[in-house]
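Okay, thanks for coming, everyone. I'll put the structure up and then walk you through a few places in it.

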Amino acid sequence: MSKIVYISNAAQVVTMKGHSEQPAKKERMSEVGMIEHGSVLIEDGVILAVGTDQDIRAEYSEKLENAEVIDATGKTVTPGLVDPHTHLVHAGTRENEYAMRLEGRSYMDIMNAGGGIHATTRATQKATSEELYEQSHRRLNKFLLHGVTTIEAKSGYGLTLEHELKQLRVAKELEGDHPIDIVSTFMGAHAVPMDEKENPEAFVDRVIDEMMPVVAEEKLAQFNDVFCERGVFTPDQSRRILEAGKKHGLIPKIHADEIEPYEGAELAAEVGAISADHLLKASDRGVEQMAEAGVVGVLLPGTAFFLMAEFADGRKMIDKGLPVALSTDQNPGSSPTISLPFIMNLGCLKMGMTPEEVLTATTINAAHAIGMEEKVGSLEVGKKGDVTIFDVPNYLTLSYQYGMNHVDTVVKEGKTLVRGGSLA
Ligand SMILES: [Zn+2]
């Protein structure tokens, strides 16, 4: 007998219906497919029906007889949230640098002096696989508690073949063990190691010739990412790395134009990246080229918030036709948070996005940014039964009340993992 889960009679069900083929752009980012007094029916982990509670009761009365009922009366139901950019697997924290920055030191200054990404790299290199697994597993549980059911996770704190593989293998193990879906990205080109500063080209060669073939061979990643930024990797080096990845079947992603305008957005369009992320300083031309090439813009306002920088102009990007997604950028240096709902608040308050747009950006557009749009990101028949229930009477409240966690229930492929705001 099949297992039926019946999420009943929510004040609002936000379905995100109709955006699975193409990421939502412009006005379509406001079409959230909301149903009042809505219900969701999941059969054996897959969505069987979504509609008004009245219709579901009428049409599926037989199936409902043995269903597990989750009463969502007075609450708001959304697709399980999707976080398309995290540095999940890492060791250590950097609160000491936070204190330095509060006294006026800059993020890049600290990094160039051997802190920043280098500090996390040292900690990650030192950590055993078991330690990384434990710490990352705890983070995944926190993601779940904040309504997230699918994430992307990058390597890039190993910076040697051995340690990059260690990070990616831990992510792969967690993908098997933890209910959250994890999509992996190889990011050997996250920083030039301190002892190779004098010869970055040789390090780029090692990323391409030594690391990439093994990552591809072991099928440890789907995507290939690079930190294209002045003082890190130049556009030419980034192009080499992304083009080399394509030859191994790794789809390009790029950390672009975060701190200075550096033609990262233009490069994303040129190499056909699935997404370009950050974009705080992206040029108008770069954004237009991305829109034309079908690149998703992943904005990470937690980073601007935490580094006390200017925010990306999400409003302008959406108006120019760029499909926008939002992410935490979860990492210990520039965005130590796992709260995607807080990122929604920032999207509205600091980047001029509407409550509808931030919902689209953290569900279906986020799924498009990591190639998961056919499986997750919307509540549609045949997709995974990934559902988040917020204890708020309407979706507007999600981006209105800030700094609090409204998640009541999280269902992943039909299994209740969070109940009453706690792990079930
Ligand atoms: Zn990042």
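**Salt bridges, cores and a metal site**

Let's start with Glu210, which is partly exposed at a relative accessible area of 32%; buried here means under 20%, exposed over 50%, and partly exposed in between, with a 1.4 Å probe and protein chains only. Before I go on, this is a predicted model: local features need pLDDT of at least 70 and side-chain atom pairs count only at pLDDT 80 or more, while totals for chains, interfaces and linings use all residues. Numbering runs from 1 along each chain as its sequence is written, and side-chain values use heavy atoms, with hydrogens and water left out.

So, who does Glu210 pair with? Its side chain meets that of Arg206 in a salt bridge, 3.9 Å from N to O, where the rule is a side-chain nitrogen of Lys or Arg within 4 Å of a carboxyl oxygen of Asp or Glu. The two sit four residues apart in helix H8, residues 200-217, so about one helical turn separates them. Helices (H or I, at least four residues) and strands (E, at least two) are DSSP runs, numbered from the N terminus. Arg206 is partly exposed too, at 23%.

Next, Lys316 and Asp284 form a salt bridge at 3.0 Å, N to O. This pair links distant parts of the chain, 32 residues apart: Lys316 is in helix H13 (314-319) and Asp284 in helix H11 (284-293). Lys316 is partly exposed at 36%, and Asp284 likewise at 35%.

Now a buried pair: Asp386 and Lys412, with their closest N and O atoms 2.5 Å apart. Asp386 lies in the loop between helix H16 and strand E14, and Lys412 in strand E15, so the pair ties together parts 26 residues apart in sequence. Asp386 is buried at 4%, and Lys412 is buried at 4%. Both belong to a salt-bridge network with Asp181, Lys384 and Glu413. The overall count is 24 salt bridges.

On to the inside. The largest nonpolar core (buried Ala, Val, Leu, Ile, Met, Phe, Trp, Tyr and Cys joined through side-chain atoms within 4.5 Å) has 101 residues, and Leu279 is among those with the most contacts inside it. A second, separate core has 15 residues, including Val13 and Leu379.

Last, the zinc ion. Which residues hold its donors? They are His85, His87, His255 and Asp329, 2.1 to 2.6 Å away; donors are N, O and S atoms within 2.8 Å of the metal (3.2 Å for Na, K and Ca), and water isn't among the atoms, so sites may look incomplete. His85 is buried at 0%, and His87 is buried at 2%.
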